[in-house]
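Colleague: I've got the model open and I keep tripping over the labels. Could you walk me through how they were earned?

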Amino acid sequence: MKPKINFETYPEIYNHWELKFEKNTAFLIMKVDEDKGFFEGYKLKLNSYDIGVDIELSDAVQRLRFEHPQISSIIIKSGNEKAFCAGANIKMLASSDHAHKVNFCKFTNETRNFLENSSKEASQFFICLVEGVCAGGGYELALACDHIILLDDGSSSISLPEVPLLAVLPGTGGLTRLTDKRKIRRDLADVFCTMEEGVKAKKAKEWRLVDTITKKTALNDELNSLIKNKSCNKNQNENLVGVQLNNLQKNTVSNEEIKYSTLSVQIDREKKSATITINASLEDAPENLSEILSQGDDFWLLKCARELDDTILNLRFNELEIGIIVFKTSGDISKVLSYDKLFETYKNFWLMNEISYFWTRVFKRIDLTSRTLITLIEPNSCYAGFLSELIFAADRSYMAEGEFEEYDNKKATIILSKSNFGNFLMSNNMSRLDTRFIGLPEQILLVKQNLEKQILAEEANDLGLITFMFDDIDWEDEIRIFLEERSSFSPDSMVGMESNLRFPGKETMETKIFGRLSAWQNWIFQRPSAVGENGALKKYGTGNKGQYTKERT
């Protein structure tokens, strides 16, 4: 039985990365311990990586944003003299089950996107210094940075060798970033992606695969110039003090239940569903910035985002048979609204910005989770402002109509705010309401007229904000029937259907990466050319080439 994956870590216990600081510059050094792979049966040679390496990278980027807001430049480099990074470990991929391969690629994609957005969201400029072999996922990590420096030393090189070597595709957005981000000519990208050996400095610069090539003797001058030119926009913020991210508080952990401080997860293994209930804060929102800062990572908005993020990742990786996620909220809706108002009141304050971007990432992670997503809006719910995004992220939403005896005859309500009209964009760069009402601008205008009003079930239904409404008599039966029906469908069909329906509208680099790539990798990772008995992944490192099926399908 494979070990459960824990997504919590911190720099003092990293096995594979090291963080160093010099004034306003951070060095993120990849020093993969080859003997500390997350699973047994492989060594992480040449800075190759697995899920454990990526969890630490994600944590490091998160801490740079929250704990070190004064940092303006981050240099990613290797602590291995032979290689920058050889990409995802091949033996790990060959021995992993299909679900882990796909979830691993998705998580790595999300981490790359997080890193990539840091310059725009937090003025943290990422420079990738490539020395030695930089292959596959290693070059994809470089592509996510703002600037790539490749040493011109006769041996350092970059490559995307997945097609000729492994019969798969670059797994974390490499193809899309070549054409959409770096604007590489299509024919040159075709050549590059079929060259097992890759390219070295001169050609890499000529084809715009890197930004700078330099001799080692001139490297320090090049780095100092880059830092000076790209980091000046943060000089005025040198005295920013970050917020320490401590371990998450889990009060109960069992096979059927996990209780955090702001939410709980109930797992029904028979119905193959998990119910996530988010609890409103018991206190009103802080009244000023000093109070927000004094609460540190205990600040409800930050704590809840961290706990929900951890919950979604745990369900993705560790609960593969749980096919349905049910979202509930509970508590005083006015308390949630008071916190939601902070996003607007302190929109120019760095910490509130970071928390807003964090919620954006959490909601995106929910959008991209291959589970049926259901939101229940009950009389004790507190869907106000940003928490209402869970309604619009869901595949279906059910709202209680009228008074419910068990809730002291209260009525279910929804409250929308400015947060729902552009604060938390999806991967398609649209709000969830714009995506919901695509092609219906007049509907958006109607919804906006109800800003900060208590919207009851009938009105929510008329406005198109919910899927169905049921009264006290039918509520439990209708929800039960739906859950039973959904569990009876093919999980593969549900993944395909939900993924196809969630992202209408324009394509972006993100939707291409998660839509096209995830779909193709999901398919290619099951094909005999890659994972069959004589497939390329299985034969890699044996001295024998993989045998491919030649049919085009």
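Colleague: How many bridges join strand 4 to strand 6?

Modeller: Two, and the two strands run parallel. Keep in mind that this is a predicted model. Pairing takes at least two bridges, so strand 4 and strand 6 (residues 133-135) count as paired. If you want one bridge to look at, C85 is partnered with C134 in strand 6.

Colleague: And what makes strand 4 and strand 8 edge strands?

Modeller: The sheet is an open one of three strands, in the order 4-6-8, with parallel pairing. Strand 4 (83-85) and strand 8 (157-159) each have a single partner strand, so one side of each has no neighbour in the sheet. From one strand to the next, the twist averages 15°.

Colleague: Which helix lies across those strands?

Modeller: Helix 5 (residues 137-144) lies across strand 4, strand 6 and strand 8, at about 85° to strand 6. Angles from 65 to 115 degrees count as roughly perpendicular, so helix 5 and strand 6 get that label.

Colleague: Why are helix 7 and helix 21 called roughly antiparallel?

Modeller: Helix 7 (residues 174-181) and helix 21 (residues 509-524) pack at about 155°, with their axes 9 Å apart. The cut-off for roughly antiparallel is over 145 degrees, so this pair of helices qualifies. The crossing is right-handed.

Colleague: Which residues meet where helix 7 and helix 21 pack?

Modeller: On helix 7 they are T176, R177, D180 and K181, and on helix 21 they are M509, K512 and I513. Two of those helix 7 residues, T176 and R177, are also buried, along with G174 and L178. The cover over the buried residues of helix 7 includes helix 3 (98-116), helix 5, helix 8 (186-192) and helix 21. Just after helix 7, K183 has a positive phi of about 55°.

Colleague: How do you know whether H68 is buried or exposed?

Modeller: H68 has a relative accessibility of 19%. Buried means under 20%, so H68 counts as buried. You'll find H68 in the loop between helix 1 (51-66) and strand 3 (73-78). Leaving aside residues up to four places away in sequence, H68 touches F21, R63 and Q124.

Colleague: What joins strand 10 to strand 11?

Modeller: A hairpin, through three residues. Strand 10 (residues 250-253) and strand 11 (residues 257-260) run antiparallel and are joined by three bridges, T252 being partnered with K259 in strand 11. Strand 11 then forms a hairpin with strand 12, with two residues between them. Strand 11 and strand 12 (residues 263-268) also pair in the antiparallel sense over three bridges, and I258 has V265 as its bridge partner.

Colleague: Which residues touch the most other members of the largest nonpolar core?

Modeller: L301 and W359, in a core of 85 residues. Helix 14 (residues 350-367) gives the most to this core, with nine residues. Not counting residues up to four places away in sequence, L301 touches Y339, L342, F343, M352, I355, W359 and F386. Apart from this core lies another of 72 residues, including F104, I158, I184 and L313.

Notes: Residues are numbered from 1 along each chain as its sequence is written. This is a predicted model: local features need pLDDT of at least 70, side-chain atom pairs count only at pLDDT 80 or more; totals for chains, interfaces and linings use all residues. Side-chain values use heavy atoms; hydrogens and water are left out. A nonpolar core is a set of buried Ala, Val, Leu, Ile, Met, Phe, Trp, Tyr and Cys residues joined through side-chain atoms within 4.5 Å. Buried means under 20% relative accessible area, exposed over 50%, partly exposed in between (1.4 Å probe, protein chains only). Helices (H or I, at least four residues) and strands (E, at least two) are DSSP runs, numbered from the N terminus. Contact means heavy atoms within 4.5 Å. Axes are lines fitted to C-alpha atoms, for helices over the stretch in contact, and angles run from 0 to 180 degrees between N-to-C directions. Angles under 35 degrees count as roughly parallel, over 145 as roughly antiparallel, 65 to 115 as roughly perpendicular and the rest as oblique. A crossing is left-handed if the near helix is turned anticlockwise from the far one by less than a right angle, and right-handed if clockwise.
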